[in-house]
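Dear colleague,

I am handing over the structure that you will be working with from now on. Please open it alongside this message, so that you can follow each point in the model itself.

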Amino acid sequence: MSTKALAKGCLAPGPVPEGTIRLYSMKYCPYAQRTRLVLEAKGIKHETININLLDKPDWFFEKNPLGLVPVLETSSNQLIYESPITCEFLDESYPERRLLLADPYEKARQKMLWEHFSKVIGFIFKIVTARKSSEDTSKLEEEFQSKLGYFEQHLAEAKTRFFGGDSVTMTDYMLWPWFERLDALSLTKFLDLNPALRTWTQAMLQDAAVKATINETQAYKRFFELYMQHSPEACE
């Protein structure tokens, strides 16, 4: 794993070794963490190259024209990007310990949850940005709580520890990175309002892949502070 995030002017890494898959990541990026969680959960041999997303190397756009992480690169020079797509690619390419449910309908239900959650993510950053500007966030917080209520209800009605049953599945990993950051963003009060989600987060903290990819709250706080200043040091 590259310890320093590669920035503009850094040379591109060489070919991906046979029998390994490469992940282009950024250690504080929640979308890239989705892919890291799946790699860890499935025990896939991989190497990680961190990219400075605020000072990207020119060659990185050859890996992903959008300039975003995560990106997977195989030893056959195949490139896969966008977090849900990378995660599904890994699940299908390495079939040991499947994370997506086998039943087509249940798999579709999982993916619909991902789509619902994509509407939640924006509220987190809207609240943080509004607070930074000393704006009233009460309306945003009401909407955020309303969106979270959908997931609270899902867990409460299913009466399962996780979103796909009594063991961790892909949906848990797709949602987890944002819940890991709630403390750093001073949003943990929403877990108090959603007891099923609070219980789920406590269970997720015991998962081996979560333990392998988690960052300290203080590290996230430093990242968010520097990121809001558009400082390239945020990604280090």
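What follows is a description of the sheet, the helices that pack on it, one loop residue and the aromatic rings.

Please keep in mind throughout that this is a predicted model.

The sheet is a good place to begin. It is an open sheet of 4 strands with mixed pairing, in the order S2-S1-S3-S4, and its edge strands, each of which pairs on one side only, are S2 (46–50) and S4 (79–81). From one strand to the next the twist averages 20°. Strand S1, which covers residues 21–25, runs parallel to S2 and is joined to it by 5 bridges; in one part of this pairing, Ser25 has Asn50 in S2 as its bridge partner.

Two helices can then be placed against these strands. Helix H1 (residues 30–41) packs on the sheet, where it touches S1, S2 and strand S3 (71–73), and its direction makes about 150° with that of S1. Helix H3 (residues 83–93) lies across S1, S3 and S4, and runs at about 125° to S4. Within H3, the residues Ser83, Thr86, Cys87, Glu88, Leu90 and Asp91 are buried, and the elements that cover the buried residues of H3 include S1, H1, S3 and S4, together with helix H4 (104–132) and helix H6 (170–180).

Further along the chain, Thr137 is found in the loop between H4 and helix H5 (138–158). Is this residue, Thr137, buried or exposed? Its relative accessible area is 9%, which is under the 20% cut-off, so Thr137 counts as buried. Apart from neighbours within four places in sequence, Thr137 is in contact with Ile127, Ala130 and Arg131.

Finally, the aromatic rings deserve a look, since a search of the whole structure finds 18 aromatic pairs. In one of them, the ring centres of Tyr24 and Phe60 are 6.0 Å apart and the planes stand at 55°, so the pair is tilted. This pair links distant parts of the chain, with Tyr24 in strand S1 and Phe60 in helix H2 (residues 60–63), 36 residues apart. Tyr24 counts as buried, at 0% relative accessibility, and Phe60 is likewise buried, with a relative accessibility of 0%. One aromatic cluster is formed by Tyr31, Phe117, Tyr150, Phe151, Phe163, Trp176, Trp178, Phe179 and Trp200. There is also a charge over a ring to look at, for Lys126 lies over the face of Phe123, 5.2 Å from the ring centre.

With best wishes

Definitions and conventions
Residues numbered from 1 in each chain as written. Predicted model: local features only at pLDDT ≥ 70, side-chain atom pairs only at ≥ 80, totals over all residues. Heavy atoms only, no water. Pairing = 2+ DSSP bridges. Axes fitted to C-alpha atoms, helices over the stretch in contact; angles between N-to-C directions. Contact = heavy atoms within 4.5 Å. Buried < 20%, exposed > 50% of the residue type's maximum accessible area, 1.4 Å probe, protein only. Phe/Tyr/Trp six-rings, centres within 6.5 Å; stacked < 30°, edge-to-face > 60°. Lys NZ or Arg CZ within 6 Å of the ring centre and 35° of its normal.
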